[in-house]
Amino acid sequence: MTEHKPLADRGAATDRVIDAMPDWVTASVQLNSLIADHMGVVPSDFACLHALNRGGPATAAALADRVGLTPGSLSRMIDRLEAAGLVQRHPDPHDRRKTLIEPTTEGLARISDYYAGLNVRTRDVLADFTADQLDSVLRFVQAAHTATQDEVDRLRSPGRGTGRGTAGRR
């Protein structure tokens, strides 16, 4: 039988999780920046490559929406990624007037190589977790991703600036 902790303990535990997350995010940003540098691109280009890897081929407009950039900025980004051999353009088989952007096999292999060490370390960290604990971790990661994306969408919405004086407003 699962023992429920008193609400005060749950609140403190929740606070500890929330307090620990910025350090994890910072380390992830640093790792991605280093990998991007090793691959010869800037971090925002690397984020675009991730979006393609996770979401599949996309038109420039759809990709711009995924990564939150203007079409002009994205066009220059695609040019840089293509010059680095990380993405390729090809006609959309469903609408030959459109062009799809997709990661190259070489680009995906390079990303995989750079993340191999982290994947091994993460598997080592998770090795002692029970199946139920792993389910809980996955549920948390997915929910935290959704909450973070919802906040990105809220801050991008019309009338929501990201400059000074907007924090905490609803």
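What follows is a short conversation about a predicted model of a protein chain.

Visitor: What makes up the secondary structure of the protein chain?

Guide: Six helices and three strands. Along the sequence they come in the order α-α-β-α-α-β-β-α-α.

Visitor: Why are Phe 46 and Tyr 115 called an aromatic pair, and why stacked?

Guide: Their ring centres lie 6.4 Å from one another, and the cut-off for a pair is within 6.5 Å. The planes are 20 degrees apart, and under 30 degrees counts as stacked, so the pair earns both words. A search of the whole structure finds one aromatic pair, and this is the one.

Visitor: What makes this pair a tie between parts of the chain?

Guide: Phe 46 sits in helix H2 (residues 43-55), while Tyr 115 sits in helix H5 (residues 105-126), so the pair links parts that are 69 residues apart in sequence. Both residues are buried, which for each means under 20% relative accessible area.

Visitor: How do you know that the span of H2 is close to the expected one?

Guide: H2 has 13 residues and reaches 18 Å from its first C-alpha to its last. The expected span takes 1.5 Å times one less than the number of residues, and for H2 that expectation is 18 Å. Just after the helix comes Gly 56, with a positive phi near 85 degrees.

Visitor: Which residues of H2 are buried?

Guide: Asp 45, Phe 46, Cys 48, Leu 49, Ala 51 and Leu 52. A general point about helices helps here: an α-helix has 3.6 residues a turn, so residues three or four places apart point the same way.

Visitor: What makes H2 stand out in the largest nonpolar core?

Guide: The core has 21 residues, and Phe 46 and Met 39 are among those with the most contacts inside it. H1 (7-39), H2, H3 (60-67), H4 (71-83) and H5 each supply at least two of its residues, but the largest share, five residues, comes from H2. Leaving aside neighbours within four places in sequence, Met 39 is in contact with Phe 46 and Leu 49, and also with others including Ile 111 and Tyr 114.

Visitor: Where does the lining of the largest pocket come from?

Guide: H1, H2, H3, H5 and H6 (131-156) each give two or more residues to the lining, and H6 gives the largest share, 12 residues. The pocket has a volume of about 2,400 Å³. Of its 42 lining residues, Trp 24, Ser 28, Asn 32, Val 141 and His 145 lie nearest the centre.

Key: Residues numbered from 1 in each chain as written. Predicted model: local features only at pLDDT ≥ 70, side-chain atom pairs only at ≥ 80, totals over all residues. Heavy atoms only, no water. Phe/Tyr/Trp six-rings, centres within 6.5 Å; stacked < 30°, edge-to-face > 60°. Helix = DSSP H or I, 4+ residues; strand = E, 2+ residues; numbered from the N terminus. Buried < 20%, exposed > 50% of the residue type's maximum accessible area, 1.4 Å probe, protein only. Core = buried A, V, L, I, M, F, W, Y, C linked by side-chain atoms within 4.5 Å. Contact = heavy atoms within 4.5 Å. 1 Å grid on protein atoms, 1.4 Å probe; cavity = no way out; pocket = protein on both sides within 12 Å on 5 of 7 lines; lining within 4 Å. Points joined across faces, edges and corners; volume = space filled by probe spheres on them.
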